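This report introduces a protein structure to a reader who has not met it before. Please look over the sequence and the structure before reading on.

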Amino acid sequence: MSFLGLLNQTVTVYPKASYDGYGREVVSSGVTHKARVQEVTKSRLLPNGQVAIIDALVFVRSTASININDRMDYNSISY
């Protein structure tokens, strides 16, 4: 089976647009991508000494435009 054949789920990505007057993040309209999502619980130690918690591993096409601060929804959960 090819990689594209494994992308049998969908995620919706909402690019971060700005912050409102209360400091809450404002996102743009969502874009849906075919994906493969594996929900996991892992932690990684970053070079600056902080610990990053990983909630899911997401595989998408290389042409998908996703940035580090974007919100991603999968299965009614926001990441």
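The text below goes from the whole chain to the sheet, and then to single residues.

**The chain as a whole**

The model is predicted. Its secondary structure comprises one helix and seven strands, and the order of the elements from the N terminus is α-β-β-β-β-β-β-β. Along the principal axes, the C-alpha atoms occupy a box of roughly 45 × 35 × 25 Å. The protein chain has 79 residues, of which 16% are buried. About 6,000 Å² of the chain is exposed, and carbon and sulfur atoms supply 51% of that area. Among the contacts with a separation of 6 or more, 43% are between residues 24 or more positions apart.

**The sheet**

Five strands form an open sheet with antiparallel pairing, in the order β5-β4-β1-β6-β7. The strands β5 and β7 (77-78) each have a single partner strand and stand at the edges, so one side of each has no neighbour in the sheet.

Strand β1 covers residues 9-14 and strand β4 covers residues 31-45; the two run antiparallel and are joined by five bridges. Within this pairing, Val13 has Val31 of β4 as its bridge partner, and Thr12 is bridged to Thr32 of β4.

On its other pairing, β4 meets β5 in the antiparallel sense, over nine bridges. Here Glu39 stands opposite Ala56 of β5. The hairpin of β4 and β5 has five residues between the strands, and Gly49 in this hairpin takes a positive phi near 95°.

**The loop between β6 and β7**

Most residues other than glycine have a negative phi. Against that background, two residues of this loop can be considered in turn. Asn75 is found in the loop between β6 and β7. Its phi is near 55°, a positive value in a residue other than glycine. Asn75 is exposed, because its relative accessible area of 56% is over the 50% cut-off. Ser76 also lies in the loop between β6 and β7. Ser76 is not a glycine either, yet its phi is positive, at about 65°. With a relative accessibility of 82%, Ser76 counts as exposed.

**Salt bridges**

The structure holds two salt bridges. They are listed here with the N to O distance of each pair.

| Positive residue | Negative residue | N to O distance |
|---|---|---|
| Arg24 | Asp20 | 3.3 Å |
| Arg71 | Asp73 | 3.1 Å |

In the pair of Arg24 and Asp20, Asp20 is partly exposed at 30% relative accessibility. In the pair of Arg71 and Asp73, Arg71 is partly exposed, with a relative accessible area of 29%. Asp73 has a relative accessibility of 19% and counts as buried, because the cut-off for buried is under 20%.

**Asp70, a buried charge**

Which side chain of opposite charge is nearest to Asp70, and how far away is it? The nearest is Lys16, at 7.8 Å. Asp70 is buried yet has no salt bridge. The distance to Lys16 does not meet the requirement for a salt bridge, because that calls for a side-chain nitrogen within 4 Å of a carboxyl oxygen.

Asp70 is placed in the loop between β5 (51-60) and β6 (71-74). What does the side chain of Asp70 reach at 2.8 Å? At that distance it reaches the backbone nitrogen of Asn67. The Asp70 side chain also reaches the backbone nitrogen of Lys16, at 3.4 Å. Lys16 therefore appears twice in the account of Asp70: its backbone nitrogen is reached at 3.4 Å, whereas its side chain is 7.8 Å away and forms no salt bridge with Asp70, the limit for one being 4 Å.

Leaving aside neighbours within four places in sequence, Asp70 is in contact with Val13, Tyr14, Pro15, Lys16, Ser65 and Tyr79. One of these contacts, Val13, is the residue already met as the bridge partner of Val31 in β4.

Notes
Residues are numbered from 1 along each chain as its sequence is written. This is a predicted model: local features need pLDDT of at least 70, side-chain atom pairs count only at pLDDT 80 or more; totals for chains, interfaces and linings use all residues. Side-chain values use heavy atoms; hydrogens and water are left out. Helices (H or I, at least four residues) and strands (E, at least two) are DSSP runs, numbered from the N terminus. Buried means under 20% relative accessible area, exposed over 50%, partly exposed in between (1.4 Å probe, protein chains only). Lys and Arg count as positive and Asp and Glu as negative; His and the chain ends are not counted. A polar contact is a pair of N or O atoms within 3.5 Å; within protein, one must be able to donate a hydrogen and the other to accept it, and residues adjacent in sequence count only if both atoms are side-chain atoms. Contact means heavy atoms within 4.5 Å. Two strands pair if DSSP finds at least two bridges between them. Accessible areas come from the Shrake-Rupley method with a 1.4 Å probe; for residues, only the protein chains shown count as cover.
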